[in-house]
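Let's take a walk through this model, starting with the open space at its surface and ending with a helix. Keep the viewer open as you read.

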Amino acid sequence: MAYPDGVLRRGEHVLAHRRPHWRMLVVPALVPPVAVFLAALLAGLAGGIAEGSTRTAVRLALVLLAVLAVVWLAVLPLVRWRCTHLVVTDRRLLVREGVLTRESVDVAGATITGVRTRSSGVERLLGAGTLVVSTAGTEEPWEFSGLGDVERLASLVEGVADDRGGLAPAADRDAWDDDDPLDEVDEPEDEPEPEPPAVSRWRRRARARAARTSR
């Protein structure tokens, strides 16, 4: 069964399935023609060697080096690219890579505390970048480099984490609300309302009567 179908749980659905960006295949695609060109060039130069076992050995060595270069620099990177997967489901983030020895990463959405992206200038032009995922209980975040459409992947991972109770727990949000500096600003006290004019006139008349009585 093809990956990731064999590792999905009951009721789990795939939201995105990605391999590294196509730019990872540019160098492997250039290696075969370059290797053939150099091997042919050096074989032609070897024509100056006297005929015999030496010339044949040199040409065989050149062919062998060309084949090794193609296998090491073209075939293996292509196989590694083919065997590298990043899968976002509605519950978690899955990563698997490796040819002979495979390594897998399973990040539950509830453990994700942060999602961000990082891209260089060239990567932005090519639409690629690095996905950085922070999880609870780990000091260093997970980094998945060489991904295409990384902004959309980050949005999907953040949405899954939010749906599964990750990123910002409710207790932390309440604490942030309690520490809101706007809540600490004291409201201005109400100024005392002036006494009604009738009361003020009544006091002036009372003082005037008291003054006449004292005379």
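Strands here are DSSP runs of E with at least two residues, and they are numbered from the N terminus. One more thing before we go on: this is a predicted model.

Start with the largest pocket, which holds about 280 Å³ of space. It has 16 lining residues, and the ones closest to its centre are Thr-84, Val-95, Glu-97, Phe-144 and Ser-145. Which elements give two or more residues to that lining? They are strands S2 (85-89), S3 (92-97), S4 (103-108) and S7 (142-148). S7 makes the largest contribution, with 4 residues. In chemical terms the pocket lining is a mix: 7 nonpolar residues, 4 polar and 5 charged.

Now for the enclosed space. There's 1 cavity of 30 Å³ or more, and the volume of the largest cavity comes to about 40 Å³. Around it you'll find Val-88, Arg-92, Leu-93, Gly-109, Ile-112, Val-157, Val-160 and Ala-161. S3 and helix H4 (150-163) each supply at least two of these lining residues, with the largest share, 3 residues, coming from H4. By class, this lining has 6 nonpolar residues, 1 polar and 1 charged.

Finally, swing over to helix H1, residues 26-45. Its 20 residues reach 29 Å from first C-alpha to last, close to the expected 28 Å. Where does H1 bend? Look at Pro-32, where the bend is about 25°. Pro-28, Val-31, Ala-35 and Ala-39 are buried in H1, and the buried residues of this helix pack against helix H2 (53-82).

Technical notes
Residues are numbered from 1 along each chain as its sequence is written. This is a predicted model: local features need pLDDT of at least 70, side-chain atom pairs count only at pLDDT 80 or more; totals for chains, interfaces and linings use all residues. Side-chain values use heavy atoms; hydrogens and water are left out. On a 1 Å grid over the protein atoms alone, a cavity is a set of points where a 1.4 Å probe fits but cannot get out, and a pocket is an open set with protein on both sides within 12 Å along at least five of seven lines; lining residues have an atom within 4 Å of a point. Grid points are joined across faces, edges and corners, and a volume is the space filled by probe spheres set on the points. Ala, Val, Leu, Ile, Met, Phe, Trp, Tyr, Cys and Pro count as nonpolar, Asp, Glu, Lys and Arg as charged, and the others, Gly among them, as polar. The expected span of a helix is 1.5 Å times one less than its number of residues. The bend at a residue is the angle between axes fitted to the seven residues ending there and the seven starting there. Buried means under 20% relative accessible area, exposed over 50%, partly exposed in between (1.4 Å probe, protein chains only). Contact means heavy atoms within 4.5 Å.
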